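Colleague: I should be grateful for a close look at one part of this model, namely the surroundings of a single ligand. Please set it beside other ligand sites where that helps.

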Amino acid sequence: MRVTQTSSLALTWAALASALPSGQAKVPSCRFASQHTQQQVLRDPSNFINDLLYWEGQFHQNNVSYNTANGMSYDGTNIDWVTGERTVKHPFSAASKESLQVMLYTHAIAGSAEAARFLSPNNPAAAPEMVVSIMETKLQTYLRFNETYPGFGGFLPWFTSSTQDLTPTWDWVNRVPGLDNGELLWAVYGFIQALENTNNASYKELASKWQTWMDYTKTTAAQIFYKGNGRVCSVIDIKNQSLPVNDPNQSYDCEGTGLLNDPYEGELFTFWLNFFGGLSDADKKALWAIKRPQLVSVDYDMGNVGPVTVQKGYWFSSHETWKVMEMPYYDVDIIRRVYENAERVRTCNSVVTKVPGMFASVNNSTNSSNGQVIGYISNAGIPSISNQTVQELDVITPYSVFPTILFNKAVGLAWWRNMAIAKKGQNPYGSTESTRVDGTGASALVTWDSKITTVNAILGGVTEWTRQKMKSDGLYEEFISIATNEYSSVFKDLKGEHVNFCLPEETVPDAGLEDFTLCV
Ligand SMILES: *[C@@H]1O[C@H](CO)[C@@H](O)[C@H](O)[C@H]1NC(C)=O
Ligand SMILES: *[C@@H]1O[C@H](CO)[C@@H](O)[C@H](O)[C@H]1NC(C)=O
Ligand SMILES: *[C@@H]1O[C@H](CO)[C@@H](O)[C@H](O)[C@H]1NC(C)=O
Ligand SMILES: *[C@@H]1O[C@H](CO)[C@@H](O)[C@H](O)[C@H]1NC(C)=O
Ligand SMILES: *[C@@H]1O[C@H](CO)[C@@H](O)[C@H](O)[C@H]1NC(C)=O
Ligand SMILES: *[C@@H]1O[C@H](CO)[C@@H](O)[C@H](O)[C@H]1NC(C)=O
Ligand SMILES: *[C@@H]1O[C@H](CO)[C@@H](O)[C@H](O)[C@H]1NC(C)=O
Ligand SMILES: *[C@@H]1O[C@H](CO)[C@@H](O)[C@H](O)[C@H]1NC(C)=O
Ligand SMILES: *[C@@H]1O[C@H](CO)[C@@H](O)[C@H](O)[C@H]1NC(C)=O
């Protein structure tokens, strides 16, 4: 049930504010996770969520997760190994992080008290205005980028956002990825709908300006990314990013042989091309045909769990599930059931393998002698049900729970709590990126991916708005038809739907790490 009138929300906020004479929100303890028992979280997670949103909201600050001057996200920031205070900012970001920011803001526009708790706990009523102001600034930044670098056709590469005007990061000069832009575009699509649902003329005007930007990418998407016969490139090499898309000297080539044909989060971009790329019916059919071999059914069967039928993972990292936060996949019964099975498996696999948390692609631990994060572990998930079976399974991350939360907040948060209570698991900006399962290391880093995926899942994703807009744009039936067709031809009789989600049975051992001194 979405609230379309700001007046009824004002009531909620007034009630909240009057409960506290000073208008200041009561600040929960930074180390709140261990102050709630697992039993309490399971019985009713709302108090836990209230504390979680407050502290994850501390990430939403200038020079930590975004730049107030241009409205753009920052990838995140390193934090001090001892104190947890921010140290080296990541002055860059990408369309995927932008998508998490925009999804969060969509809820604020729609009047979510939870989004307001995250964004503006001392003055929840100010959250929508705050978001509108950031999104006005951000749009100006996108438009200036398009003017300076028209070769991107409105899409975003990895960019440096610490200066007023964006520039492609050194390694993304003349290059643009499809996957992250698919995530961004559907987030903007939902955001526009949330603005249109308000009764505020200036909000509607902002909606129409974002719509203009978004519509522009529809005109360039196929020319840049589509190479015929269903082939979409993962990364495009641009001849010259400073030349307009239609300049006779401009050209776009696939980087290597990499095709965007995955049945995971890359599919958001496939749907964008399908609906808006101006492709022929034959090309649209080919888009899906080329992806079909990757959508595979597999049964998990380990320990006393299984068989449980799931969609084969690439690594089975939680990151792969991103698409369901943005498009209404769960309106399709068979998809919802297959994905619910995935969470049976994700939670129970960690019990079977005696791991105190769950896996997802994540940054490795910090080297405490030089403060540097050691590397990035892409290959973290569940090997027995994945395409990529060689994995590194020594680091767990709180955001692994976000797909679980979409089905069961209490169980997902019980797992989140179990990771957060590890030494250094919480810091002055909320949850910490990752922890070693043996307790000997942690990643002194805070990022959108490892934190705000979970927050967006708690808020329920943005499918409510993308569904509404797809219906009014006349696309919804086609979406359901494609999604149903793809999944129902692979998944028929699911095994294991009676299996319960599992709860953590291990804890991260105390191997002598000290908590961050600024988070007690
Ligand atoms: C934020 O970062 C900018 C440079 O990116 C710097 O000029 C400014 O002083 C920083 N502000 C704070 C409060 O740290
Ligand atoms: C509409 O939004 C503007 C600014 O964005 C704000 O000043 C105004 O109070 C809002 N109007 C209503 C009726 O909420
Ligand atoms: C982006 O730049 C191109 C020209 O280089 C222009 O035609 C187009 O209108 C711009 N897009 C937006 C949304 O302003
Ligand atoms: C790219 O295009 C710009 C604008 O026309 C031009 O100034 C620049 O020299 C070109 N770069 C290369 C490497 O050709
Ligand atoms: C394309 O590039 C060539 C060589 O860089 C230049 O001579 C020519 O004028 C350019 N054509 C256009 C239409 O800009
Ligand atoms: C890991 O680091 C990269 C680069 O800083 C960042 O983009 C990403 O969000 C981080 N976390 C995860 C979970 O990927
Ligand atoms: C950690 O940093 C120290 C000092 O710079 C270095 O000698 C060591 O090789 C690093 N260890 C790892 C695992 O990167
Ligand atoms: C992660 O760090 C550990 C040491 O803490 C190291 O053994 C492992 O090779 C690293 N993995 C990656 C992918 O960086
Ligand atoms: C992984 O996927 C590729 C491409 O679909 C396929 O050729 C390969 O057989 C798969 N491997 C496994 C182990 O599933």
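Modeller: Ligand 8 is surrounded by Asn364, Ile374, Gly375, Tyr376, Ile377, Glu392 and Arg436, where a residue is taken as near a molecule if one of its heavy atoms lies within 4 Å of it. The model is a predicted one, in which local features need pLDDT of at least 70, side-chain atom pairs count only at pLDDT 80 or more, and totals for chains, interfaces and linings use all residues. Residues are numbered from 1 along each chain as its sequence is written, chains are lettered from A and ligands numbered from 1 in the order in which they are written, and side-chain values use heavy atoms, with hydrogens and water left out.

By class, the shell of ligand 8 consists of 3 nonpolar, 2 polar and 2 charged residues; here Ala, Val, Leu, Ile, Met, Phe, Trp, Tyr, Cys and Pro count as nonpolar, Asp, Glu, Lys and Arg as charged, and the others, Gly among them, as polar. Three side chains of this shell make polar contacts with the ligand (pairs of N or O atoms within 3.5 Å). The side chain of Asn364 has an N or O atom 2.4 Å from an oxygen atom of ligand 8. Glu392 places a polar side-chain atom 3.1 Å from a nitrogen atom of ligand 8, and for Arg436 the distance from a side-chain N or O atom to an oxygen atom of the ligand is 3.4 Å. Of the 360 Å² of accessible area that ligand 8 has on its own, the protein covers 56% (Shrake-Rupley method, 1.4 Å probe).

Ligand 2 offers a second site for reference. Its surroundings are Glu129, Asn200, Ser202 and Tyr203, that is, 1 nonpolar, 2 polar and 1 charged residues. A polar side-chain atom of Asn200 is 2.4 Å from an oxygen atom of ligand 2, while the corresponding distances to an oxygen atom of this ligand are 3.1 Å for Ser202 and 3.2 Å for Glu129. For ligand 2, the protein covers 39% of the 360 Å² accessible on its own.

Ligand 1 provides a third. Around ligand 1 are Asn63, Arg86, Lys89 and Ser162, with no nonpolar, 2 polar and 2 charged residues in the shell. Polar side-chain atoms lie 2.5 Å from an oxygen atom of ligand 1 in Asn63, 2.8 Å in Lys89 and 3.5 Å in Arg86. The covered share of the 360 Å² that ligand 1 has on its own is 36%.

How values were computed: A polar contact is a pair of N or O atoms within 3.5 Å; within protein, one must be able to donate a hydrogen and the other to accept it, and residues adjacent in sequence count only if both atoms are side-chain atoms.
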